[in-house]
Amino acid sequence: MNGIALETPYLDTDADQLSFSLDHPVREALAVRDLTVGGLDVQLRLLGASHQVCAGPVLETVACLSGAGGGLPGTAAYDFDGWHYAFGARVEEYPAGRFRAEVARLRELADAHPRALYGVFPGSADAVTALVVERDGAGPAWRTWHTYPGSRRIVATRTRLEAR
């Protein structure tokens with residue numbers, strides 16, 4: 001099982017408050033999982049309703065960042081230090097019953113995945129932040145999900161880091 005029952009209370013923010021950064025410093029994490037994927041060290045970091053992933057030259061942060069405007073890019077791509085980085089995000093809103101079923105599916109996916117980490121907040125089994133990483137060609141790829149029960153929205157991201 002890759003799930004962690006978090007002790008931090010769930011403060012339902014809005015999916016639109018999330019920001020994206022590749023240069024934000026490492027933040028204090030609620031949980032960390034260190035992995036090696038295709039010979040590259042990868043660290044998955046739960047920051048509550050947000051995440052950081054450290055992989056090679058990348059420090060990806062998706063969080064409510066002070067001073068940063070809310071909203072995630074639909075896509076972003078960068079080349080640096082011999083790597084190509086590609087990021088994508090989408091936000092989906094679900095009807096009540098479908099939202100609960102989708103969160104349950106995400107928890108099952110993360111539980112079954114050999115390289116995953118997810119946190120469940122007290123008071124709401126549907127308040128989840130989940131990360132999974134796998135090898136994809138010449139580097140790691142990771143997916144994340146941030147669930148917001150108050151608005152029944154799920155933010156899904158997908159990132160690929162490829163050696164050039």
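Reader: How many bridges join strand 7 and strand 8, and in which sense do they pair?
Author: In this predicted model, local features need pLDDT of at least 70 and side-chain atom pairs count only at pLDDT 80 or more, while totals for chains, interfaces and linings use all residues. Strands are DSSP runs (E, at least two residues; helices are H or I, at least four), numbered from the N terminus, and two strands pair if DSSP finds at least two bridges between them. Strand 7 spans residues 75-80 and strand 8 spans residues 83-93. The count is 6 bridges, and the sense is antiparallel.

Reader: Which residue of strand 8 is the bridge partner of Ala76?
Author: Residues are numbered from 1 along each chain as its sequence is written, and side-chain values use heavy atoms, with hydrogens and water left out. Follow strand 7 across to strand 8: Tyr78 faces Tyr85 there. For Ala76, the bridge partner in strand 8 is Phe87.

Reader: What phi does Asp81 take in the hairpin of strand 7 and strand 8?
Author: The hairpin has 2 residues between its strands. Asp81 sits in that loop and is exposed, because its relative accessible area is 63% (exposed is over 50%, buried under 20%, partly exposed in between, with a 1.4 Å probe and protein chains only). Most residues other than glycine have a negative phi. Asp81 is not a glycine, yet its phi is positive, at about 45°.

Reader: Where is Arg152, and what is its phi?
Author: Look at the loop between strand 11 and strand 12. Arg152 lies there, partly exposed at 32% relative accessible area. Its phi is also positive in a residue other than glycine, near 55°.

Reader: Is Tyr85 buried or exposed?
Author: Take its partner across the hairpin for contrast: Tyr78 has 38% relative accessibility and counts as partly exposed. Tyr85 has a relative accessible area of 0%. That makes Tyr85 buried.

Reader: How far apart are the ring centres of Tyr78 and Tyr85?
Author: Rings of Phe, Tyr and Trp (its six-membered ring) pair if their centres lie within 6.5 Å; planes under 30 degrees apart are stacked, over 60 edge-to-face, and the rest tilted. By this rule there are 3 aromatic pairs. Tyr78 and Tyr85 form a tilted one, with 35° between the planes. Centre to centre, the distance is 6.3 Å.

Reader: Which residues form one aromatic cluster with Tyr78 and Tyr85?
Author: Tyr78 and Tyr85 form an aromatic pair. The cluster also takes in two Phe residues. They are Phe20 and Phe87.

Reader: Which residue of strand 12 is the bridge partner of Tyr85?
Author: Strand 8 pairs with strand 12 in the antiparallel sense over 11 bridges. Trp83 stands opposite Ala163 in strand 12. Tyr85 has Leu161.

Reader: What is the strand order of the sheet of 7 strands?
Author: This sheet is open, with mixed pairing. Strand 1 (3-5) and strand 7 stand at its edges, each with a single partner strand, so one side of each has no neighbour in the sheet. The twist averages 15° from one strand to the next (axes are lines fitted to C-alpha atoms, for helices over the stretch in contact; angles run from 0 to 180 degrees between N-to-C directions). The order is 1-9-10-11-12-8-7.

Reader: What is the order of the sheet of 5 strands?
Author: This open sheet has antiparallel pairing. Its edge strands are strand 2 (19-21) and strand 3 (31-37), each paired on one side only. The twist averages 10° from one strand to the next. The order is 2-6-5-4-3.

Reader: Which residue of strand 5 stands opposite Leu46?
Author: Strand 4 (residues 40-46) and strand 5 (residues 51-55) run antiparallel. They are joined by 5 bridges. Opposite Leu46 stands His51.

Reader: Which strand gives the largest share of the lining of the second largest pocket?
Author: A pocket is an open set of points on a 1 Å grid over the protein atoms alone, where a 1.4 Å probe fits, with protein on both sides within 12 Å along at least five of seven lines; lining residues have an atom within 4 Å of a point. The lining includes Arg90, Glu102, Trp145 and Arg158. Strand 8, helix 1 (96-112), strand 11 (140-148) and strand 12 (153-163) each give two or more residues. The largest share, 4 residues, comes from strand 12.

Reader: How many residues in the lining of the second largest pocket are charged?
Author: Asp, Glu, Lys and Arg count as charged; Ala, Val, Leu, Ile, Met, Phe, Trp, Tyr, Cys and Pro as nonpolar; the others, Gly among them, as polar. The lining has 5 nonpolar residues and 1 polar residue. The charged residues number 6.
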